[in-house]
Amino acid sequence: MRNVYVIGVGMTKFDRHWERSIKSLAAEALEKILADADIGKDVIDAVYFSNSNWGYQSDQHCIRGQVALRDQKIMGIPIYNLENACAGGATGFHCAWLGIASGLYDCVLALGAEKMYDEDKVKMFKAFWTGIDIENMVPHMEMLQAVSKDIDFEIPGGDDAEGAGKNRSAFMDVYSAFTRFHMNKYGSTQKQLAVIASKNHFHSSMNPNAQYQNKMSVDEVLAARSVSWPLTVPMCAPVGDGSAGAVLCSADFLKKLTSSRPIKVRASVLGSGTNRTLEEEDLDIAWRLSRKAYEIAGVGPEDIDVAEVHDATSFGELHQSEAIGFCPMGEGGPFAESGATTLGGKIPINVSGGLESRGHPIGASGLGQIHELVTQLRHEAGPRQVEGCKLAMAENGGGNLAYEEAAMGIHILERAM
Amino acid sequence: MQDVFIIGIGTTRFGKHLERGEKNLVAEAVNLCLTDAGVSKDAIQSAWFSNSMWGYFSDQHCIRGQVAFQPLGIEGIPITNVENACAGGSTAFHHAWYGVAGGLYDCALAVGVEKLYSEDRLKTFRAYSTGVDVENIESQFAAWRSVLDGLELEVPEDDAGQGAGENRSAFMDVYAGMSRWHMATYGTTQRQMALIASKNHFHSSMNPNAQFQKKMGVDEILAGRPVVFPLTVPMCAPVGDGSAAAILCSGAFLKRLKASRPVKVLASVLGSGTGRHISDEKKDIGYRLSRQAYEIAGIGPEDIHLAEVHDATSFGELHQTEALGFCPFGKGGEFAESGATALGGKLPVNPSGGLESRGHPVGASGLGQLHEIVTQLRHEAGPRQVENCRIGLAENGGGNIGYEEAAMCIHILERV
C-alpha cells in the first residue's frame with residue numbers, strides 16, 4: 001500500500017455554537033483546511049464526512065456530506081458518509097487514508113461536523129444514549145452498573161443513579177462504574193483523576209480552539225459539582241459543537257506542491273469491540289489495536305513523543321495511558337501524578353486539552369485530535385508545543401458494547417519535513 | 001490495485017417484515033451469504049454496514065453495524081457504518097471493494113439493511129423526505145414546480161397535487177416532475193412507463209426473493225391508483241424491509257477456496273450529483289459515472305448483457321437506459337417498447353423485478369441489485385435466467401440535490 005501524508009488541517013473552535021448550522025461549521029473548517037494545505041477545492045478527489053446526530057437533531061438522516069458541502073461547490077466527486085459514534089472522526093480519517101493508500105485517490109478530504117448543544121437538555125443528553133444497543137439499553141446499563149455494585153465506597157452526598165441520561169450523558173455512568181472498578185482493583189484515587197483534569201485544563205488554556213481556556217487547580221476540580229461519583233463536571237467532556245478536518249494525499253501528489261509541511265501517516269488502524277470480560281484487560285480494544293498500530297509502524301509506546309487520547313472523562317485518559325502501553329496496567333493514576341503526561345513531561349497527553357477541555361463534538365472529535373498532532377509535529381503549537389516531537393499517536397473510541405468501546409481508530413503520525 | 005471477486009451473496013425476501021428487527025434481517029442475509037461463500041465468519045477481516053433509517057425509526061443513530069453484528073459473533077474487526085440514502089448498499093460494497101483492491105484486506109463483508117414499514121404511515125412517508133437537503137426542502141420543491149409550470153403538457157385534473165411526503169414519498173413528486181419533463185421534451189408516453197412496470201412485474205413473478213410476485217398487464221398498470229401523474233402505484237417502488245449482503249475477496253484468498261463460483265468486479269465507481277440543469281443531460285450523474293466505469297472496465301454499453309438499474313419508478317428505469325448508453329437520449333420509452341429490456345431481449349433490465357417489484361429497502365437495495373447480477377452471472381437464476389450472460393451492470397442512485405441524485409454507484413461485474 002502507498003504512503004499517505006497529511007498536508008492540511010483546520011477546525012472551528014469547539015464550543016456551544018447554538019446559532020450556527022452544521023453547514024456553517026463545516027464551511028469554516030473547510031476554508032481553513034484548504035488554506036492550510038494551500039490547495040484549491042478542485043484538486044480534491046473525494047470527501048469522507050463523519051457525523052452522528054444531524055438526523056437526531058434536525059432530521060437530516062441521509063446524504064449529510066452532500067448537503068453540508070453543496071454550498072461550498074463541492075459536488076460531483078465521491079462523497080462518503082460515515083458514522084462510528086464518538087470515533088466517527090477517526091473512522092473518516094482512516095477511510096480517507098485507505099482511499100489514498102489503496103491507490104484509488106491522490107488527494108482527499110476527511111471532515112467531521114457535529115452539533116450536540118440543545119436548549120432542550122433532555123433531548124441533548126438522550127443523544128448520547130444512541131451510542132449503545134438501544135434495544136438492550138436496560139439490561140446493558142444494569143450489567144455495567146454491576147461492575148461497581150459490590151464495591152463499598154463512601155460516596156459523599158450519596159449516589160444519584162436516577163439522573164443518568166436526564167441531567168448527564170448516560171455514558172458518564174458507564175465511565176464512573178469503570179472508574180470505581182479501577183479504584184477498587186488498583187487503588188487509583190479521585191485526586192489522580194483531578195490531576196488529569198487539571199492538567200488538561202492547563203493545556204487548553206494555551207489552545208485558542210479549545211472550548212475551555214481557563215486553568216483549574218486540582219482542588220477546584222475536586223470541589224466542582226459531582227456528575228456521577230467519582231467524576232465531577234470538569235473531569236467530563238462538555239457538550240459541544242464544531243467541525244474539524246484534514247487533507248490527505250499520496251507521495252506523487254505531494255511532489256507537485258511547492259510549499260508544504262507534510263506529516264506522514266505511519267499507521268491507521270480501525271477496529272470494533274468484543275465481548276471480552278471485564279477482567280480480560282489484555283484483550284482490551286485499545287490494547288489490541290495499539291499493538292497492531294505499533295507493529296505496522298515498527299515502533300513501540302516508548303517511541304511516542306506526544307499523544308491525544310479519548311478522555312471523555314479523566315478516567316478515559318488514565319485507562320488509555322495504560323492500555324496503549326505508556327505505563328503498566330493499574331499505574332495510570334501514579335503515572336499522571338508523576339507529571340509524565342503534562343507538557344514538558346516524558347509523554348505529554350492531550351496537549352490540546354483533550355475532550356475534557358478542548359471539547360467533544362462527537363463526529364468531529366477524532367479529527368480534532370489529528371489537528372492537534374499535525375500542529376505539534378509541525379512544531380507550530382506555540383506555547384503548548386511539545387519540544388522536538390517527531391512521532392505522535394491518536395486514540396479515538398466510540399460507543400459502548402459489553403465492557404468496551406464499540407469502535408476505535410488509532411493513528412500514528414510522523415513529522416516528515 | 002488488485003482484482004476483486006465476489007464469492008458470496010445473501011438476501012432476505014424484500015417485503016413487509018413488521019414483526020422482525022434489523023438484527024434479525026441482517027442475521028438471515030449474513031448467514032445466507034456465509035453459506036453461499038463457503039467461508040466462516042472468522043474469515044471476514046472487515047465489514048461495511050449500510051443503513052439510513054434505524055435512527056429515524058428506533059433511535060439507533062450510532063454504531064448500527066456493531067449492534068447488528070454482535071449477536072452473530074462478528075466483532076473485533078473494523079466495522080464501518082456508511083450512509084448514502086438509496087445508494088447506501090452499493091456504497092458499502094464500493095468501500096469493501098477498495099478495501100480489498102488496495103490490499104488492506106483479503107476478505108471483506110458488505111451488508112445493507114432497512115426497515116421502512118411502520119404502523120404510522122405518515123412517519124414512513126416522511127422518512128423519504130430526509131433524502132434531500134431537509135433545511136431547504138421547500139425551495140427544492142419550488143424549483144421543481146417551476147420546471148413543471150413551464151411545460152406544455154396536458155395533465156389530468158385528478159392529479160394528486162397536494163400530499164407530497166404525507167400520503168406518498170416526496171420523491172414521487174420529483175420523479176413525476178422528471179417524467180413530465182421527458183414527456184414534454186421527447187414525446188415519451190405514460191403507456192411506455194406502464195410497459196416497463198408490467199415487464200418488471202413479469203420478471204419478479206419468477207423471483208422468490210421479490211416483494212411482489214404477481215404479473216400485471218399494461219392496462220392494469222395504467223388503471224392503478226394514480227400517485228402523481230403520470231405515475232400510478234405499480235410504477236412506483238413499494239415501501240419495504242429487508243437485508244442483503246455480499247462477501248468480496250482477493251485473488252490470493254480465492255485460490256485457497258475449494259469450491260467457489262466467483263464473479264469478478266470489473267469496475268466500482270462512486271460519485272455525487274452536481275448543480276447541472278435538468279436539460280444538461282450529458283452532465284447527468286448516470287451518464288458521467290457510467291462512462292467512467294466503462295473506461296475502467298475497458299468495455300462499452302454494447303458489451304453489457306444485463307443490468308439492474310435504479311427504478312424507484314418506471315421513469316427511473318427509462319431514464320437510466322438512456323443515461324447508461326443502452327439507447328440514445330430521448331429513446332428510452334421506445335427502447336422498452338421494442339422488448340429489448342425484457343427477459344429474452346437484447347439487454348434485459350431489472351430481471352429481478354427491480355425496485356418497483358423486487359422491492360426497495362433503501363440501504364439494502366444496492367446490494368439486492370448485486371445479488372441479482374451475481375446470481376445471473378453464475379447462471380443460477382432459474383426461470384428468469386438471462387441466457388449465457390457474462391457481463392452485468394448495476395446502477396444505484398440515492399437522495400436528490402438539485403435535478404439529480406445526490407449519490408450514485410455503478411458496478412460492472414464479469415463471470416469468471
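**Exercise 1. Place strand β3 of chain A among its neighbours.**

Step 1. Start with the partner in chain A. Strand β2 (residues 46–50) of chain A is joined to β3(A) by 4 bridges, and the two run parallel. The model is predicted. A:Y48 stands opposite A:Y80 in β3(A).

Step 2. Now cross to chain B. β3(A) pairs with strand β3 (residues 79–83) of chain B over 3 bridges, in the antiparallel sense. A:E83 has B:N81 in β3(B) as its bridge partner. A:L82 stands opposite B:V82 in β3(B).

Step 3. Check burial. In strand β3 (residues 79–83) of chain A, 5 of the 5 residues are buried, so the strand is largely enclosed by the rest of the structure.

Step 4. Sort the side chains. In a regular strand the side chains alternate between the two faces of the sheet. A:I79, A:N81 and A:E83 point one way from β3(A), A:Y80 and A:L82 point the other way, and all are buried.

**Exercise 2. Describe the side of chain A that touches chain B.**

Step 1. Count the residues. Chain A brings 47 residues to the contact, and chain B brings 47 residues.

Step 2. Name the elements. On the side of chain A that touches chain B, α2 (54–58), α3 (64–70), β3, α4 and β8 of chain A give two or more residues. β3(A) supplies the largest share, 5 residues.

Step 3. Sort by class. This side of chain A has 21 nonpolar, 22 polar and 4 charged residues.

**Exercise 3. Describe how the two domains meet in each chain.**

Step 1. Take chain A. Its domain 1 covers 4–118 + 240–265, and its domain 2 covers 121–238 + 267–415. The centres of these domains of chain A, taken over C-alpha atoms, are separated by 24 Å. In contact are 41 residues of domain 1 of chain A and 43 residues of domain 2 of chain A.

Step 2. Look at the side of domain 1 of chain A that touches domain 2 of chain A. At least two residues each come from β1 (4–11), α4 (88–101), β4 (107–114), β7 (242–250) and β8 (263–272) of chain A. α4(A) gives the most, with 8 residues. By class, this side has 19 nonpolar, 15 polar and 7 charged residues.

Step 3. Turn to chain B. Here domain 1 is 4–118 + 240–263 and domain 2 is 121–239 + 267–415. Their C-alpha centres lie 24 Å apart in chain B. The contact involves 38 residues of domain 1 of chain B and 43 residues of domain 2 of chain B.

Step 4. Look at the side of domain 1 of chain B that touches domain 2 of chain B. β1 (4–11), α4 (88–101), β4 (107–114) and β7 (242–250) of chain B give two or more residues. The largest share, 7 residues, comes from α4(B). This side divides into 18 nonpolar, 16 polar and 4 charged residues.

**Exercise 4. Find the buried face of helix α5 of chain B.**

Step 1. List the buried residues. In helix α5 (residues 121–128) of chain B, they include B:F125, B:A127 and B:Y128.

Step 2. Look down the axis. The buried residues of α5(B) fall within an arc of 145 degrees, so they line one face of the helix.

Step 3. Find what that face meets. The buried residues of α5(B) pack against α2 (54–58) and α7 (171–186) of chain B. On the other side of α5(B), B:L122 and B:K123 are exposed.

**Exercise 5. Test helix α15 of chain A against its expected span.**

Step 1. Compare the lengths. Helix α15 (residues 362–377) of chain A has 16 residues, which at 1.5 Å a residue should span 22 Å; its end C-alpha atoms are 24 Å apart, which agrees.

Step 2. Check burial. α15(A) is mostly covered, with 16 of its 16 residues buried.

**Exercise 6. Pick out unusual backbone geometry.**

Step 1. Recall the rule. Most residues other than glycine have a negative phi, and most peptide bonds are trans.

Step 2. Find the cis bonds. One joins A:W229 and A:P230, with omega about 10 degrees. Another joins B:F229 and B:P230, with omega about 5 degrees. A:P230 is in the loop between β5 (226–228) and β6 (231–232) of chain A.

Step 3. Find positive phi values. A:H379 has a phi near 60 degrees and lies in the loop between α15 and β10 (391–398) of chain A. B:N388 has a positive phi of about 55 degrees.

Step 4. Compare surroundings. A:H379 is partly exposed, with 16 other C-beta atoms within 10 Å. B:N388 is exposed, with 8 other C-beta atoms within 10 Å.

How values were computed:
Residues are numbered from 1 along each chain as its sequence is written. Chains are lettered from A and ligands numbered from 1 in the order in which they are written. This is a predicted model: local features need pLDDT of at least 70, side-chain atom pairs count only at pLDDT 80 or more; totals for chains, interfaces and linings use all residues. Domain bounds come from an automatic or database domain assignment. Two residues are in contact if their C-beta atoms, placed from the backbone, lie within 7 Å. Ala, Val, Leu, Ile, Met, Phe, Trp, Tyr, Cys and Pro count as nonpolar, Asp, Glu, Lys and Arg as charged, and the others, Gly among them, as polar. A residue is buried if 20 or more other C-beta atoms lie within 10 Å of its own, exposed if 12 or fewer, and partly exposed in between; C-beta atoms are placed from the backbone. Two strands pair if DSSP finds at least two bridges between them. The arc is that of the directions from the helix axis to the C-beta atoms. The expected span of a helix is 1.5 Å times one less than its number of residues.
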